[in-house]
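Here are some exercises to work through with the structure open beside you. Try each task before you read its solution.

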Amino acid sequence: MTLLRIDSSIQGPRSASSELADLAVAEFAANLPDETVVKRHLGTDPLPAEAWATAIAGAFTPAEDRSAAQQQAIELANSLAQELRDADAAVFAFPLYNYGVSQHVKTWIDLALAGGVHGERLLDGKPVVLLTTRGGAYGPGTPREGWDHNTAYLVRILADIWGANVTVIEREFTLVGVNPALDEFTELAALLKKTAHEAAVAAGKALATR
Ligand SMILES: Cc1cc2nc3c(=O)[nH]c(=O)nc-3n(C[C@H](O)[C@H](O)[C@H](O)COP(=O)(O)O)c2cc1C
């Protein structure tokens, strides 16, 4: 069995989403120590931002006329789609930045879509744990309800386009303790952190024992 882990935080060792992925993958590995975990980090090793447009241009160009850059971009797109096909399960740590999906994750999605056959369900029926973190809180009744333009988009791609069986684990208010304006939410943030961490461990175990 191959577990694919993809991180995307731009915050290195301070990452709350990678902390959740660490918990999930550690629990998976504790239960299935001999299985393969393939890792990719879109935050520390970003995919080239121009590769998607180059791959699309290459796809519209007869193979014998493609530039080296177009051929390379197509090969990159194909390899990302293949990485998804090869996975039996996945853990994705995709936080919210600037109210939306990170550009690194969007580039990865665009390239993987370009590398698959049109409409291909690259994760069909596979269990995927989507871990997402946010500095603020955007739930019902909050002043910025609906401003999270990350999570629903990711579920759309993973579940509806790629066919994955997605478990979403969210941790809000990660900026409590960092931004003093949020100090009144200290207790709630601690509870949300504990709940998310427990859910990540449970999800890692579920991946290993399904
Ligand atoms: C450049 C930048 C932009 C951010 N934009 C938002 C935002 O729009 N909304 C929000 O709630 N938090 C925002 N945050 C806070 C992150 O969502 C928060 O730090 C979260 O924990 C990120 O996941 P990570 O810790 O795995 O990097 C932003 C953080 C950074 C560094």
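**Exercise 1. Find which strands pair with β6, and in which sense.**

Start with strand β7 (residues 165-171): β6 and β7 pair in the parallel sense over seven bridges. Two strands count as paired here if DSSP finds at least two bridges between them. As for the names, helices (H or I, at least four residues) and strands (E, at least two) are DSSP runs, numbered from the N terminus. Keep in mind that you're looking at a predicted model, where local features need pLDDT of at least 70, side-chain atom pairs count only at pLDDT 80 or more, and totals for chains, interfaces and linings use all residues. Residues are numbered from 1 along each chain as its sequence is written.

Within the β6 and β7 pairing, Pro127 stands opposite Asn165. Next comes strand β3 (residues 89-93), which pairs with β6 in the parallel sense over four bridges. There, Ala90 stands opposite Val128.

Now for burial. A residue is buried if 20 or more other C-beta atoms lie within 10 Å of its own, exposed if 12 or fewer, and partly exposed in between, with C-beta atoms placed from the backbone. Six of the seven residues of β6 (residues 127-133) are buried, so the strand is largely enclosed by the rest of the structure.

**Exercise 2. Work out the surroundings of Pro127.**

Pro127 lies in β6. It is partly exposed, with 18 other C-beta atoms within 10 Å. Leaving out residues up to four places away in sequence, Pro127 touches Ala89, Asn165, Leu207 and Arg210; a contact means C-beta atoms, placed from the backbone, within 7 Å. For a sense of distance, Pro127 and Ser102 are 25 residues apart in sequence and 22 Å apart in space, C-alpha to C-alpha.

**Exercise 3. Check the length of α3, then decide where its buried residues sit.**

The expected span of a helix is 1.5 Å times one less than its number of residues. For the 19 residues of α3 (residues 68-86) that gives 27 Å, and the end C-alpha atoms are 26 Å apart, which agrees.

Next, list the buried residues of α3: Gln70, Ala73, Ile74, Leu76, Ala77, Leu80, Ala81 and Leu84. They cover an arc of only 160° around the axis (taken from the directions from the helix axis to the C-beta atoms), which puts them on the same side of α3. An α-helix has 3.6 residues a turn, so residues three or four places apart point the same way. On the other side of α3, Ala68, Ser79 and Asp86 are exposed. What covers the buried residues of α3 includes α2 (51-59) and α4 (103-115).

**Exercise 4. Take α4 and find what covers its buried residues.**

With 13 residues, α4 reaches 18 Å from its first C-alpha to its last, close to the 18 Å expected. Its buried residues include Trp108, Ile109 and Leu111. Their cover includes α2, α3, β5 (100-101) and α5 (151-161).

**Exercise 5. Compare Asn98 with Phe173: which is buried and which is exposed?**

Most residues other than glycine have a negative phi. Asn98 has a positive phi of about 50°, and Phe173 has a positive phi of about 60°. Asn98 sits in the loop between β4 and β5, and with 9 C-beta neighbours inside 10 Å it counts as exposed. Phe173 sits in the loop between β7 and α6 (186-209), and with 22 such neighbours it counts as buried.

Notes:
Two residues are in contact if their C-beta atoms, placed from the backbone, lie within 7 Å.
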